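Me: I am new to this structure and would like the labels explained. Please give the reasoning behind each one.

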Amino acid sequence: MVQSGIKSPQPYARKKARSTIDWNQYDSGEFYDEIISHSGRARPATRSLVAFIRKQTIKHLVSRQHAADLAIQEMGITFTVYSEGQNIDRSWPMDIIPRIIPLQEWRILEEGLIQRLTALNMFIDDIYNKQQILKDKIVPQDIINSSPEFLKECVGAKPRYGVWSHICGSDLVRDNDGTVYVLEDNLRVPSGVSYMLENRAISKRVLPQLFDRNSILPVADYPSQLFDMLVSLSPRAIKHPEIVVMTPGVFNSAYFEHAYLAQRMGAELVEGADLVVGSDDKVYMKTIRGLSPVDVIYRRINDDFLDPDVFRPESALGTPGLFRAWRKGNVGLANAPGAGVADDKVIYTFVPAIIKYYLDQDPIIPNVPSFLCVNSTHRKHVLENLANMVVKPANESGGYGMLVGPASTKKERALFADLIKKNPRNYMAQPALKLSTAPTLCGKNIEPRHLDLRPFVLQGKNHYVTAGGLTRVALRKGSLVVNSSQGGGSKDTWIVDTEAG
Amino acid sequence: MLSRTAERVYWLGRFLERSENTARLMLVRHQAILDLPKEVQPGWEILLDVLGAHENFAALPGVANEKNIISYVFGERDNPSSIISSLTSARENMRTTREILPSEAWERVNSLYLSVARRSTKDLPRGMRHSVLTNIVQSSQQITGLLAGSMNQDAAYQFIRLGRNLERADMSTRIIDAASAGLMGDEEYIIPFRNVLWISVLQSLSAYQMYRLNVQRNVSPQDVLGFLFQSPVFPRAVAHCLGEIEYSVKLLPDNAPVLKAAVKVRRKLKARDFSDQPGAALHDFIDQLQIQLEDVHVAIANTWFSPGES
C-alpha cells in the first residue's frame, strides 16, 4: 500500500542505541581517580560533570575536543619545543574534560601553599643575611656551600618585605590514598600560568553548558593580582610605576606566556637589549621618545643570563649593570636573583623543618618522603631500590635528567647508579608515587591518565593563590611524566563549591 | 613605546598590506584572462615584474607558465615576496608584539596565515583562485578595520598606519609601472582592448568605481594616471597615502627628518603633469618616486627604530 505523504501512526523503530560513555568500563585500577571513586560513582563535586558526559555521545565529545583544538590553533596558544627546526611552535594540548577539586579541600591547600612560600622566603632572606638557620644547625652549612644556586653576589641584599620569590609555582600530586603532597617548589621562573588562563577561556568556549550547572571559582584576575604585586615592589613611590616583563625572546619555550602576561597587564615586553643601566645605576628602556625609566622588572630569564657584568659574561640576553641597579635598590626584580637556593631538590627535603623553624607550625601540605643521596644510609637504600624510585638531579627543571624507576630499563638504572655514586650531592630520590588519575578523552575512549597540579602563589606586600592552577596530564597510557616538553597535556582545573546554590 | 616594538608593528603593517596587494594583483590578472582574447593577454611574467621577482624565479628549474608563476607568487616560501612569505613575516612580527595589539587582531592574522599555509603547499587552480584570493583581501581589510575600531590610536597604531601607507604607495607605483610598460604595447591589435586593460589596472587597485565617481569621464590613460597618482581622496592613490603618512608622522615625537622626506615626495608628485602618453619618461619618474619613498623609510628607521645608531 502506498502511504506517501501520510504520516505513519506507528512510532519509528527505535534508533540504534547511541554510542555514549560507559562508565562501567572506566577503571583507574589501584590509583586514586579525581572524578570517579573506587565504587565507580562520581565524587560529590563532580556529579554534574559526570551526568553531563554520560548524556553525550562520543561523537559529540570528540567534536567538542576538535573545536577546542581548533580554537587553540587560531588563538595561537603555543609552546615551543627546543630544536624542532623551522616549526618551533606547537599547539598547546588540552583535554576538554576538566579536573575538579572541591572548594573545601582547596581552602586547606591554599593555606598550605601560603605557609610554605612564606617560610621559604624567610629562609632565603636568612641565608643571604644572618644565616641563623645554619648557625642553629637546622640546615647543614655544607648544603648551602655546595649549592650552585647560592649566589654569593646576593649576600647582604635586602629586597622589599624580605621577599625573594614573588611568584612561586609548587607542584602538587595526589597519592593513591588521597593524600596531596608537594612534589617540588619552583621559586625561580615558574611557567604555565598563561595556559591555566587560556584553558579556562577554551572551556568556556566549547562547553558553556557546564558553567551553568556548577559554581566554579573564576581564575581570570591573576594578571591584575600579578600587576598589583609587581607595583608593590616599585622603588619609586609614584602612582604609575613602569612595570616591564623581560623575556629572553621569541625562541624561548615560554615566549607565548611572556607576551600573554605583558599584554594582560598592559606592561611592556622587553628584551635585554631594550634596557640600559645609566651611570646613575638606574634602569631605562629605549623608546621612540628616548630613554624612559623602569621601576620593576618581571624577568623571565634565568639568573645566569641576567647581567653579563656579574654572571655569564657571554650572555647576550641580559642587560649589563642590571644586578648593580637591583643591589642599590633602584629597580625591583621579580623573582630576586638567588631565590633558587631554596628550590634545590636537596633543600626541598628540609622544607618541613624550615616551616617549623620560622613559623613554628607543622606543614599543612606534606612533602613526599625523600632520600638524600649525599647521606650514605639513604644512598644505600636508593641504590638498592632504584626500580621503585624516582631519582632527580638537584637543579634541573622540566623533567630533564631524571630517572623514573618503574618505567626504566636495566641499562638506565645502571647509568644512574654510576651518576649517583660520582656526585651524590646532586641527586635525591623519592619512592615512585602512585599519581592520581582523571578521565581523559583518548581517541574515541575515555581513559584514566595520571596528572599533577601546579598552583601559582604570589607574595609581595600581600599573598595570593590562583583558584586551582595548571593541571598537567600525562597523555601516554601509564606514563607519569606530565611535562609538555615530554608529551604531556593539560586540563582546565575547577574549584567547585558544592555548597553554593 | 619601545623602539623595537615600533619597528615590528611598522613591518606588520607593511607585510599585511603587501600580501593584500599581491592578492589583488593576482585577482585582476586572473580576471583579465577571462575578458581578453588569448593573443592580447599579458603574460604571467607581469606578476614577477611588479614584485621584482624575475631573477629569483628564473634561477628556479620550472618554466614560466601560469601554474608555476602562480605557485611561486602565492605559496613559495623561498620567494621573499610571495603571499605566504609576507604573511609569515606579518605573523612573526605580530607574534612578537602581541602584548600591545588587540588579541582578536592576532587571532585574525593567525587564522589568515594558517588558511594560506594549508593552501600554499598545493596548486591554486583557476576554479579556486577567486575565493582564495578574495579571502586574503577581505581578511586583510577586516584586520585593518579591527585595528581601527578596537585599538588605542596611540604611537603603536601610527606605526602600523605608517607601514601600511608607505607599502601601499610603493605597491601602487609598481602596479602602474608594470601596467603602463608591460601591458601597453603600441601594436595595432592591442588598441581595441586598451580600454579594458586600463580598466583592469584600476580594478587591481579597487579603483574603478571610485574613478568613475570622481573623474566622471571615460577611461583614458592620462586621467587614470592622474587619479591613481594624485587623487587626494582615493585611499590607494599615491598622494593620498602620502597625506596619511604625514598625518601619522606629525603625531610621533622628533618627527622633523621624516616629515621633510615625506613632504619632498608629495611636492614632486604634485608638480608632475600626466597629460602626455605613458612611456619611458613615466618609467623614470616612477623610479625616482620609489627611491624617494625608500628615503622616507630610511628616515623612519633612523629616527625611531635605531636612534643614534645611524
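Reply: Start with a cut-off: a residue is called buried when its relative accessible area is under 20%, and exposed when that area is over 50%. The model is a predicted one.

Me: What makes Asp281(A) count as buried or exposed?

Reply: The relative accessibility of Asp281(A) is 10%. Buried means under 20%, so Asp281(A) counts as buried. Asp281(A) sits in the loop between β8 (275–277) and β9 (283–287) of chain A. Its phi is near 60°, a positive value in a residue other than glycine.

Me: Why does Asp254(B) get the label buried or exposed?

Reply: Asp254(B) has 56% relative accessibility. Exposed means over 50%, so Asp254(B) counts as exposed. Asp254(B) also has a positive phi, near 50°, and is not glycine. The loop that holds Asp254(B) runs between α12 (238–250) and α13 (256–271) of chain B.

Me: How many disulfides does a search of the whole structure find?

Reply: The search finds zero disulfides over all chains.

Me: Why is Cys154(A) too far from the closest cysteine sulfur for a bond?

Reply: The closest cysteine sulfur belongs to Cys168(A), and it is 18 Å from the sulfur of Cys154(A). A disulfide needs the two sulfur atoms within 2.5 Å, so this distance is too far for a bond. Cys168(A) is likewise in no disulfide. Cys154(A) counts as buried, at 0% relative accessibility, and Cys168(A) is buried with a relative accessible area of 2%.

Me: What makes the meeting of Arg8(B) and Glu271(A) a salt bridge?

Reply: The N to O distance between their side chains is 3.7 Å. The cut-off for a side-chain nitrogen of Lys or Arg and a carboxyl oxygen of Asp or Glu is within 4 Å, so the pair of Arg8(B) and Glu271(A) is a salt bridge. The count between chain B and chain A is three salt bridges. Of the elements on the side of chain B that touches chain A, α6(B) gives the most, with seven residues.

Me: How do you know that chain B and chain A are in contact?

Reply: Contact means heavy atoms within 4.5 Å, and 28 residues of chain B are in contact with 26 residues of chain A. Between them the two chains bury about 2300 Å², 47% of it on carbon and sulfur atoms. Leu2(B), Arg95(B) and Glu99(B) supply 28% of the area that chain B buries against chain A, more than any other three residues.

How values were computed:
Residues are numbered from 1 along each chain as its sequence is written. Chains are lettered from A and ligands numbered from 1 in the order in which they are written. This is a predicted model: local features need pLDDT of at least 70, side-chain atom pairs count only at pLDDT 80 or more; totals for chains, interfaces and linings use all residues. Side-chain values use heavy atoms; hydrogens and water are left out. Buried area is the accessible area (1.4 Å probe) that two parts lose on being put together, summed over both. Helices (H or I, at least four residues) and strands (E, at least two) are DSSP runs, numbered from the N terminus. Buried means under 20% relative accessible area, exposed over 50%, partly exposed in between (1.4 Å probe, protein chains only).
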